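Biologist: Could you take me through the aromatic pairs of this model, with a close look at how the rings are arranged and what surrounds them?

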Amino acid sequence: MSRAQPAVKGLPRDAWLLCFSAFFADLGYQGVTALFPLFLVFHLHARVYVYGMVTAIAFGGGAFISYLGGLSGDRFDKKAVSIAGNTFIPLMALSGLAHTVWLSALLFVLGWWARYFRSPPRRALLVNVTPPEERARAFGVLHALDIGGGMLSAAVALLAVWRHIAIGTVMLYAVAPLLVSTALLLFVQRTRVYSSRTPGVASAGPRAPAPRTLLIALLVSATLYGFSFYNLGFPILSAATGHVREGYEWGVLAYVVYLGVSAVSGYALGVRRGSPVRSLWLLGYLPSALGSGFIGVCELLHWQLAAFYAAVALLGLGMGAVETFEPTLMSSVVGHTRLGRGMGFLSVSRAVGQFLSNLIMGLLFSLGRAAPYFYAFASAMLATVVFGSVELTRSPEAPDSPRET
């Protein structure tokens with residue numbers, strides 16, 4: 001029997017390594033994500049719908065890449081596959097050096113696809129090295145450090161833009177923390193591997209949905225949520241060309257607010273004891289819908305930036321809950337031999353929605369500044385209704401004894 005890993009605040013050493021690897025990854029590429037729409041639209045003079053097409057390709061192609069990553073993690077070694085994907089994310093940082101739209105877009109897309117390839121096996125690896133009773137906390141900590149690193153990255157980008165440093169130069173900064181992120185993955189030892197199943201987490205009190213029902217509802221809702229989950233580059237562009245103030249820094253600040261709220265909510269919800277089913281739709285999908293609708297109102301009525309940032313904060317709350325509870329629930333309804341594939345399916349469902357979402361958002365943006373956000377509101381509300389209805393389904397099985405799927 002393998003010796004147990006030393007635990008730090010309830011989480012094993014390997015779990016902390018994976019979480020801090022995520023921190024350094026986002027410390028790198030999230031700043032690139034914040035600056036890329038500004039670079040593409042204002043420096044390379046691409047139209048907003050072109051940006052929508054680029055992000056749609058990044059997310060849509062990422063759906064297939066994500067499934068391959070999950071499948072590869074199940075067939076080969078989750079750690080090796082995670083490292084392989086992480087190694088190529090720095091391609092995103094090189095997109096700011098390109099002098100043509102197509103080359104900048106290609107580098108950004110390839111780096112984003114590498115991120116998609118890495119995410120499912122890394123999530124599955126986190127499940128394997130974490131005791132079942134600590135997995136909601138683990139995903140909450142993962143999201144908090146992940147997005148916390150992203151917030152710091154966006155803050156660095158904000159400061160650099162404020163000091164008028166060239167965007168391409170700032171984007172190159174991402175390479176260093178991404179190398180640290182990859183190095184941390186190398187130290188994951190897996191001296192103790194736990195069962196992939198997370199028993200009982202799908203329970204919603206006396207109304208516990210059947211595992212197969214929960215799986216289908218989760219994938220459908222993740223897709224519908226994906227239809228509403230546009231790249232935050234659109235609010236960044238909205239804030240940068242606002243009715244009250246204009247400037248790159250106001251756009252990047254929106255990203256800082258979004259990531260900061262998302263990080264705090266992810267950690268707080270991860271340690272909170274409650275029904276993951278209810279938390280996902282009530283604290284995840286619903287605030288995301290309200291945040292998008294509120295942004296649409298701000299754009300329609302020309303409200304102050306403070307109201308705009310409050311709406312962005314609602315989006316951050318929703319994302320914190322979604323990133324914490326979607327993978328936790330997935331680990332409760334898939335078999336241990338298919339965990340990577342299950343995480344891949346989850347990413348695919350989100351990415352399929354995001355593909356169309358960014359295309360639609362880009363096209364609607366050209367018709368009016370408020371219209372795309374009202375579309376996102378409607379889609380996220382539909383995801384809320386679909387997954388909220390899961391609580392009305394009674395399970396014929398015990399909640400802690402789900403079937404293999």
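Modeller: In this predicted model, the count of aromatic pairs comes to 17. One of them is formed by F36 and Y51, whose ring centres are 6.3 Å apart and whose planes meet at 45 degrees, an arrangement that counts as tilted. This pair links distant parts of the chain, since F36 belongs to helix 1 and Y51 to helix 2 (residues 48–75), with the two positions 15 residues apart in sequence numbering. Both F36 and Y51 are buried.

A second pair, W112 with Y116, has a centre-to-centre distance of 6.5 Å and an angle of 75 degrees between the planes; because planes over 60 degrees apart count as edge-to-face, that is the class of this pair. W112 and Y116 both lie in helix 4 (residues 101–128), and because they are four residues apart there, about one helical turn separates them. In general, an α-helix has 3.6 residues a turn, so residues three or four places apart point the same way. W112 and Y116 are each buried.

The surroundings of these two rings include a charged side chain, R115, which lies over the face of W112 at 4.7 Å from the ring centre. R115 also lies over the face of Y116, in this case at 5.8 Å from the ring centre.

The two pairs can then be placed in a wider setting, for ring pairs link F36, Y51, W112 and Y116 with Y29, F108, F234 and F365 into a cluster.

Beyond the ring pairs, there is the nonpolar packing of the chain, where the largest nonpolar core has 114 residues, and L35, Y258 and F387 are those with the most contacts inside it. Helix 1 (residues 13–43) gives the most to this core, contributing 17 residues. Of the residues just named, Y258 is in contact with F229, L232, V312, L315, G316 and M319, once its neighbours within four places in sequence are left aside. F387, for its part, is buried in helix 14, as are other residues of that helix, including Y373, Y375 and A383. Helix 14 (residues 371–388) has 18 residues and reaches 26 Å from its first C-alpha to its last, close to the 26 Å expected at 1.5 Å a residue.

For the chain as a whole, the secondary structure comes to 14 helices and two strands, and 61% of the 405 residues count as buried. Among contacts between residues at least 6 apart in sequence, 86% join residues at least 24 apart.

Notes:
Residues are numbered from 1 along each chain as its sequence is written. This is a predicted model: local features need pLDDT of at least 70, side-chain atom pairs count only at pLDDT 80 or more; totals for chains, interfaces and linings use all residues. Side-chain values use heavy atoms; hydrogens and water are left out. The expected span of a helix is 1.5 Å times one less than its number of residues. Buried means under 20% relative accessible area, exposed over 50%, partly exposed in between (1.4 Å probe, protein chains only). Contact means heavy atoms within 4.5 Å. A nonpolar core is a set of buried Ala, Val, Leu, Ile, Met, Phe, Trp, Tyr and Cys residues joined through side-chain atoms within 4.5 Å. Rings of Phe, Tyr and Trp (its six-membered ring) pair if their centres lie within 6.5 Å; planes under 30 degrees apart count as stacked, over 60 as edge-to-face and the rest as tilted. A charge sits over a ring if NZ of Lys or CZ of Arg is within 6 Å of the ring centre and within 35 degrees of the ring normal.
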